[in-house]
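Student: Could you take me through one part of this model up close, the helix packing, and then show me how the rest of the chain sits around that part?

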Amino acid sequence: MKVGIFTFPNSVSYGATLQMYALYDAVNRLGHDVEIINYHNAYMKDEKHRESLKDASAIKCFAKKIARTILHIRLYRSFHRFEQENMKLYPSKAFTEKQKLPDISKRYNAVICGSDQIWNPDITDTDLSYFLDFCGKNTRRISYAPSFGIDNFSDGFSKLIENELSEFHALSVREKPGQDYIFKLIGKEASLVLDPTFLVSSDQWSKMERKHSASKGEYILYYTIRRSDNLFRRCMEFSSKTGLKVVIVGGNCLKVIRNNNPLVEYAIDIGPDEWLNLLHNARYVFTNSFHGTAFSINYNKDFFVEFSSLTNSRLEQIIGALKLEDRIVKNDNELSLDPIDYTVAEKHLSELIKSSEQFLKTALQ
């Protein structure tokens, strides 16, 4: 079967890129001919991360965007290289024009939308393409582990997506609130499945790693998608307690130059394969990222997670399902030095992986 995947290519995001590869790989292993549809949502590309024009002129905003691209050119190149080396994208050049999608969908027997927060209207500006509204009657619509990323749904949003959801051949989501919402909206039971990164074994992820210079000796990896002064404070306290250095993913050359703490090292502008390497070799991981947590679990790392974002439902889902609530960082709770006993978690995870793989296999039969 010819299968297209509709997700977030061209995204400088470790989670978005690695989940895209994982779903691509899972479908490929089922024996299908799979491609990533190289669509780039215009809002995400041009608006979402642009500074408000109330605070800066259009020229200044454009200049900042260009400067940021130049300063972080290695980052953009690393993500592009990873996509090109590990996946087939169609067309080869990214496009933003929705009107091209109906013709492109004719290439495929089925299109899968997922995973990540592709159904979050705050991210995509309610782009119905992510609900596969462009697919014709001869192209099967499948969702695999998409996340709404929100818990409150407006009447306007519900009205827009109701008909589109009803057209799906197979529906799945990543968290219980999304499952409940779909059932309330259209009376269909969406399956609960794992983020696709769990469908790729730790051994396979290890083979994709690219060594980073900071991944030597014992260290704490600090990776967040949302700034958290509390999590950083707890991480540094833990560093003082253990004597381990902290490797911080992100930042820029100025942070490197200004850093005078011998127990802090910055890993800036790294690619997804280097990110995997740093996480895999860390002694401990501090994060508020879903995928930072997911890969910590996949690699059986000792991690601490803070629910510090506005989209905690997917984190709550996986932490609860695997009985790892004691790894949650709160204001001043005790953080244990004891390693995680993954025996129980791996048993639950193995069952969830089997059911998730079965959903995908059945949906594509």
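Tutor: Here is a walk through the helix packing, followed by some loops and backbone details.

A word on the ground rules: this is a predicted model, so I use local features only at pLDDT of at least 70 and side-chain atom pairs only at pLDDT 80 or more, while totals for chains, interfaces and linings use all residues. Residues are numbered from 1 along each chain as its sequence is written, and side-chain values use heavy atoms, with hydrogens and water left out.

First, the setting. The chain has 15 helices and twelve strands; these are DSSP runs, numbered from the N terminus, with helices being H or I of at least four residues and strands E of at least two. The radius of gyration is 21 Å, close to the 21 Å of the globule rule for 365 residues, so the chain is as compact as a globular protein of that length. (That radius is taken over C-alpha atoms, and the rule is 2.2 Å times the number of residues to the power 0.38.) Along the principal axes, the C-alpha atoms fill a box of roughly 60 × 55 × 40 Å. Of the 365 residues, 53% count as buried, where buried means under 20% relative accessible area, exposed over 50% and partly exposed in between, with a 1.4 Å probe and protein chains only. Among contacts between residues at least 6 apart in sequence, 74% join residues at least 24 apart; contact means heavy atoms within 4.5 Å.

Now the close look. Two packed helices are described by the angle between their axes and the distance between the axes. The axes are lines fitted to C-alpha atoms, for helices over the stretch in contact, and angles run from 0 to 180 degrees between N-to-C directions. Helix α13 (residues 290–298) packs against helix α14 (residues 313–321) at about 20°, with the axes 10 Å apart. The two are therefore roughly parallel; angles under 35 degrees get that label, over 145 is roughly antiparallel, 65 to 115 roughly perpendicular and the rest oblique. The crossing of α13 past α14 is left-handed, that is, the near helix is turned anticlockwise from the far one by less than a right angle, with clockwise giving right-handed. On the α13 side the contact uses F290, H291, T293 and I297, and α14 brings R314, L315, I318 and I319. By class that contact has five nonpolar, two polar and one charged residues. (Ala, Val, Leu, Ile, Met, Phe, Trp, Tyr, Cys and Pro count as nonpolar, Asp, Glu, Lys and Arg as charged, and the others, Gly among them, as polar.)

α13 also packs against helix α12 (residues 272–281): their axes come within 10 Å and cross at roughly 55°. That pair is therefore oblique, and α12 passes α13 in a right-handed crossing. W275, L276 and L279 of α12 meet H291, G292, F295 and S296 of α13, giving four nonpolar, three polar and no charged residues. H291 is listed in the α14 contact and in the α12 contact too.

Over to α1 (14–29). The axes of α1 and helix α4 (residues 73–86) come within 11 Å and cross at roughly 5°, which makes α1 roughly parallel to α4. Y14, T17, L18, M20, Y21 and Y24 of α1 touch L75, F79, F82, E83 and N86 of α4. Eight of these residues are nonpolar, two polar and one charged.

S11 sits in the loop between β1 (2–6) and α1 and is buried, at 17% relative accessible area. Leaving aside neighbours within four places in sequence, S11 contacts A16, T17, F79 and E83. H32, in the loop between α1 and β2 (33–39), is buried too, at 14%. With the same neighbours set aside, H32 is in contact with M1, V3, V27 and L364.

Last, the backbone. Most residues other than glycine have a negative phi, and most peptide bonds are trans. The Y90 to P91 bond is cis, with omega near -10°, and P91 is in strand β3 (residues 89–95). The G114 to S115 bond is cis as well, with omega near -5°. D116, in the loop between β4 and α6, has a positive phi of about 65° and is buried at 8%. K323 has phi near 60°, lies in the loop between α14 and α15 (343–363) and is exposed at 52%.
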